[in-house]
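Colleague: I'd like to learn how to read a model like this one. Can you walk me through it?

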Amino acid sequence: MRLSGPLEHDNIVNGYGLRAVLWTQGCFRRCKGCQNPETWDFNGGFEVSVSEIKDRLKKFKGQAGITFCGGEPFEQPEDCKEIADWCRKELGWNIWSFSGYTYEQLKKAGGAKWEFVKSLDALIDGPFILEQRDLTLKFRGSRNQRLLHLKNGEIIKEE
Ligand code: SF4
């Protein structure tokens, strides 16, 4: 799969607890004010195999979970889901992802995108909208974005 940066650990700004973070490469959305425009180019970043990612993740100790950031994780949903399910089963981690898509759009899209949603404990959804920027929000940048807690794809709580 294509990543935009090295895997992180002990991150505390992309979800609850100490977290691994996987930065995907590629996003067509080009939101005004995006903090990571270097992640837009689908040919940018670098290629790394899913098995190599797993090998690196299992060296991270004391993490509560993993968060998929971007770029747009849902443009590589099969690989993200495989890593997510492996992290839950083998490492006991919870799974969060950001997306520029809304929950409803991902549900409507179905297929691999929806399958990845079903692997998540939390989704922070929607594009960053500069006009709705709010620095007081937990883990997100603009008021249109939601922090949705999920179980098997269903919303169980919104924060
Ligand atoms: S969806 Fe996220 S990564 Fe993509 S342009 Fe918008 S803010 Fe940037």
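Modeller: Sure. Keep in mind that this is a predicted model. Let's begin with the pocket lining: by class, the largest pocket is lined by 15 nonpolar, 12 polar and six charged residues. Its volume is about 820 Å³.

Colleague: Which residues lie nearest the centre of the largest pocket?

Modeller: Of the 33 lining residues, those are Gln 35, Asn 36, Phe 98, Phe 128 and Gln 145.

Colleague: And where does the ligand sit?

Modeller: In that largest pocket. Around the ligand you'll find Cys 27, Arg 29, Arg 30, Cys 31, Cys 34, Trp 40, Gly 71, Gly 100 and Phe 128. By class, that shell has five nonpolar, two polar and two charged residues.

Colleague: What about the backbone? How do I spot something unusual?

Modeller: Most residues other than glycine have a negative phi, and most peptide bonds are trans. Here, a cis peptide bond joins Gly 70 and Gly 71, with omega about 0°. Gly 71 is in the loop between S5 and H2. Arg 30, not a glycine, has a positive phi of about 50°; Arg 30 is in the loop between S3 and strand S4 (46–47).

Colleague: Is Arg 30 buried or exposed?

Modeller: Exposed, because its relative accessible area is 54%, and the cut-off for exposed is over 50%.

Colleague: How should I think about the core?

Modeller: In soluble globular proteins, nonpolar side chains tend to be buried together. The largest nonpolar core here has 30 residues, and Leu 22, Ile 53, Leu 57, Ile 66, Phe 68 and Ile 83 touch the most other members. Helix H2 gives the most to this core, with five residues.

Methods
Residues numbered from 1 in each chain as written. Predicted model: local features only at pLDDT ≥ 70, side-chain atom pairs only at ≥ 80, totals over all residues. Heavy atoms only, no water. Near = heavy atom within 4 Å. 1 Å grid on protein atoms, 1.4 Å probe; cavity = no way out; pocket = protein on both sides within 12 Å on 5 of 7 lines; lining within 4 Å. Sits in = over half its atoms within 2 Å of the grid points. Nonpolar A, V, L, I, M, F, W, Y, C, P; charged D, E, K, R; others polar. Points joined across faces, edges and corners; volume = space filled by probe spheres on them. Core = buried A, V, L, I, M, F, W, Y, C linked by side-chain atoms within 4.5 Å. Buried < 20%, exposed > 50% of the residue type's maximum accessible area, 1.4 Å probe, protein only. Helix = DSSP H or I, 4+ residues; strand = E, 2+ residues; numbered from the N terminus.
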